[in-house]
Amino acid sequence: MLKEVRDQLGNPDDLITETMDNGYTKMEFCFFPGMCDINQVKDGILVPFSYRFDPDEFRRMLHADLGFIRADKPEEWSGLLLKGFVLLQYEGETFAFGAIRKMQTKPDPTQVEASLQGPQSAYTEDLDLNLNLIRTLYNSKSLGVEWHEKNDIASQSRIMLLYDRDKVDPTTLKEVRSRLDEVDKNLILAAGQLVKLMSHKRHRMFPVILVTERPDRTAMHLNKGKIVIMLDGSRFVLLMPVRFFDFLSAMDDYYEPFWMSRFLIVLRYIAMLLTLTLPALYISVVSYNPEVFRVQLAFTIDGSRAAVPYPSFIEVLIMLFMIEALIEASIRLPRFVGSTAATVGGLILGQAAQQAALVSSIMIIVTSVVAISNFVIPNSTFSYFIRVLKYLFVAVSIFSGLIGVVVTLFMLIVYLCNMRSFGEPYFALFINEKKKKNKRNPAHQKAG
Amino acid sequence: MIRFYYYHVVYVGLMNIMMLVPALLISHRFSGGVSAIPLAIAAGTLIAYLTSSCFQRFPGLGLPEIFDRFLPRWLACFLNGIGIVIWATGGIIVLYSYSNTIGLFFNPETSPYINLTIMAIACIWAASRCSRSVQFTNEMLLILSTPMIFWILLKAMLSPWLDWDAIWIVANQVTKPPSAISFYAATFVFSGAMNATLFNRLTKPGYKLRYRWIIPLIGTMFLLVSFFVPIGFHGTQAVGNYLYIWSVTTDCLIMKYGFIQRVLYLFLLLYTLLSLLFVMNTWHTAMEFFKACFRRYPPATDQPRVPAVNWYVCIALAAITFAYAYFTNDLRNRILSEIWLVSRFFIEVILTALLLLFVYMDRRSKQRRRAPPKSSGNPASKATGS
């Protein structure tokens, strides 16, 4: 066995291959020490084989212990070794012993989607632990779990499909499965990559898959009949089909009192609209339709622009470039340098640029409103999309002013209404046909 | 899904302003315009009730499919053709007059064709989507824009500058015999019910159109507001001087505390959305009628991937709009919109009559189909008959 394994793997140096002899009998034995938990290997194999060897007991252990899997096919061996199994051949039979080294033993704290009062635990990079988190929160017998295995995926990323069997829409499930089959990339490292591969149109302006790190959000969506895809090695899971409004909801909306959460939701929508349109509105009001604003306000804006030597759209582009660069820098930099960057950037953006008459002071307010409003959006993917989309509005407003902005808004709404997330409408209100369907069938309501 | 029906009623009712209905009514304010209003309300409600009851009998079928069922192919295509003309022209008139309004009040320096181009692009894009997307858009935009529009209307009605005496004087003209053209124009407010011709495709079997009393209520309100409020602001005489009467009327309103002082701008921006919505619906209907003339394009209501023919038809409509804009001016546009309003009324009447005929034929054929099983007891025909 050992020779075959070595041949299959090209004899790597980090593979331990031994023929062990305890004086009575021999056993062939090989594993990657880096991928295995050495204590488990010791307790599970080495101790029974060496110090407390009893041929009968050892044989019984190999056949009855859940940790040992029969692995008689030589072509499986290298795959098992690579997943962290220990291979051993005893009396002509080959077994694989699962001693995979787990890095994570407890859930991570939430990092991206913080919540004040909700659960604080998030997914980890270990699929089994993630599955445990979901099973605990969504403790329902109707939870369907499917492996999605593809042989040609080199990283052998384990992909798992979860859904509520009673609530899920079968056509959507079929669609998701077929999309998953179509994924032909052989190395999937992160949930975001899978999202990209599963969204058919690559140039879509809005995400149709929600990526989350929160088990409670996952459980809530499962309860709504959504489908969850989990990927081993990723802290994030994929939820689908989703709607536009799901991206603007934070889990706290469900945990806070009614009026408070409504207020926050309204705030978020206003913030989204502001961050989307404010730079464009600034350009159109300054360059096209100053008469729209009341006279005093128009004068204030124009007064603050008195020293600025170029048209408004250049001013807007400068400031937007600065703020985008600043945001990008503070995300990518190490945490210690990051705060310095923010301070320096804040100084430049705040006082200096205005005093140097590069931009007007109103523009600084516009820039900060845009940036802050963008951070209000709870989903980071979605906020990226909004960040980019704002430039479309800017471009239109340069050429056609206020009317252009309104027409673009119209087109955006049409675009959203025309989108479907896995066959379900993306931007439609009051889609409660499903709920009614569930009401008609009381068995559906019980689950979850 | 009945709410989608009422969205059509609401936005078409609001669009009467852009179809120059108030201007036409006001020009006849001393010669029978007022007495035409109650008549129009009655006639419009009647037509809306009749057509909606008829469409309820054919759930899931648009007008082209109903034609196909009861009429020979050539006649169905001919009637579809009339539908295309009437719907597409409605959209073209609105697009032209709105881009003109924008040119007058918003961007007087830019070429009118630029405004038209922007709006035409948006309309091509929007109208070429599938019917279901169009319906979602209707809902979204109406929810976004109507609260503000109603607020503006309310503000106008409560304004201290509104002269109720002038309104009273004009209202007293109700004794004059009604003028025909005012009557035809005023029924436009109820035309939203007609959009069921296409969007009936999206209804589910067995749907019931409840709350139909909303139609006369909304229509009456819009009609009265759009006719009397401008008179109250401008007086009985001066009100006749304007073509885009409502833009001038909203300019009489001031928001004391807002960023925007003149209500006009808010009004225009909101009506941009509504006009685009109207054009989207009319062009979409025209496009679907066109496609229904060919067997190659079976009706597909949920089709996020836009087929190429949608683009071609909508681009053709936009091209016609440009040609129209080149040859016309405000006055000619006004004449065309009058012709359109009148012919639209007659087509609605004909359509209602046809629908009643179809319902009658449907019943007869059902009875006929139901009759044989009783005598012969053939189970197969029973299944088709029920």
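## The interface between chains B and A

Chain B and chain A bury about 3,300 Å² between them, and 69% of that is on carbon and sulfur atoms. Buried area here is the accessible area (1.4 Å probe) that two parts lose on being put together, summed over both. Three residues stand out: B:Trp125, B:Phe136 and B:Met140 supply 18% of the area that chain B buries against chain A, more than any other three residues. In terms of contacts (heavy atoms within 4.5 Å), 43 residues of chain B meet 29 residues of chain A.

This is a predicted model, in which local features need pLDDT of at least 70 and side-chain atom pairs count only at pLDDT 80 or more, while totals for chains, interfaces and linings use all residues. As for bookkeeping, residues are numbered from 1 along each chain as its sequence is written, chains are lettered from A and ligands numbered from 1 in the order in which they are written, and side-chain values use heavy atoms, with hydrogens and water left out.

## Who does the touching

How many salt bridges does the rule find across the interface of chain B and chain A? Zero, where a salt bridge would be a side-chain nitrogen of Lys or Arg within 4 Å of a carboxyl oxygen of Asp or Glu. Polar contacts do turn up, with eleven residue pairs across the interface of chain B and chain A, both residues at pLDDT 80 or more. A polar contact is a pair of N or O atoms within 3.5 Å; within protein, one must be able to donate a hydrogen and the other to accept it, and residues adjacent in sequence count only if both atoms are side-chain atoms.

On the side of chain B that touches chain A, helix 1 (2–15), helix 5 (73–105), helix 6 (112–127), helix 7 (131–158) and helix 13 (263–292) of chain B each supply at least two residues. Helices (H or I, at least four residues) and strands (E, at least two) are DSSP runs, numbered from the N terminus. Helix 7 of chain B gives the most, with nine residues. Sorted by class, that side of chain B has 29 nonpolar, six polar and eight charged residues. The classes go like this: Ala, Val, Leu, Ile, Met, Phe, Trp, Tyr, Cys and Pro are nonpolar, Asp, Glu, Lys and Arg are charged, and the others, Gly among them, are polar.

Helix 7 of chain B is also home to B:Thr146. B:Thr146 is buried at 10% relative accessible area; buried means under 20%, exposed over 50%, and partly exposed in between (1.4 Å probe, protein chains only). Setting aside neighbours within four places in sequence, B:Thr146 is in contact with B:Val10, B:Leu14 and B:Leu141.

## Buried spots in chain A

A:Leu239 sits in strand 12 of chain A and is buried, with a relative accessible area of 0%. Beyond its neighbours within four places in sequence, A:Leu239 is in contact with A:Ile209, A:Leu210, A:Thr212, A:Arg217, A:Thr218, A:His221, A:Ile227 and A:Val228. A:Phe95, in strand 5 of chain A, counts as buried at 1% relative accessibility. Not counting residues up to four places away in sequence, A:Phe95 touches several residues, including A:Leu62, A:Phe68, A:Ile69, A:Val86 and A:Leu88. The C-alpha atoms of A:Phe95 and A:Phe29 are 9.6 Å apart, with their positions 66 residues apart along the chain.

Helix 5 (residues 127–137) of chain A has A:Leu127, A:Leu129, A:Asn130, A:Leu131, A:Leu133 and A:Ile134 buried. The buried residues of this helix pack against strand 7 (121–122), strand 8 (143–148), strand 9 (159–164), helix 8 (215–223) and strand 11 (227–231) of chain A.

## Backbone oddities

Most residues other than glycine have a negative phi, and most peptide bonds are trans. The bond from A:Met240 to A:Pro241 is cis, with omega near -10°, and A:Pro241 is in the loop between strand 12 (237–240) and helix 9 (252–255) of chain A.

A:Asn11 has a positive phi, near 45°, and lies in the loop between helix 1 (2–9) and strand 1 (16–21) of chain A. A:Glu91 has a positive phi too, about 55°, in the loop between strand 4 (85–90) and strand 5 (93–98) of chain A. A:Glu91 is partly exposed, at 43% relative accessible area.

## Cysteines

A search of the whole structure finds zero disulfides over all chains, a disulfide being a pair of cysteine sulfur atoms within 2.5 Å. For B:Cys293, the nearest cysteine sulfur is that of B:Cys77, 4.3 Å away. B:Cys293 is buried, with a relative accessible area of 17%, whereas B:Cys252 is partly exposed at 29%.
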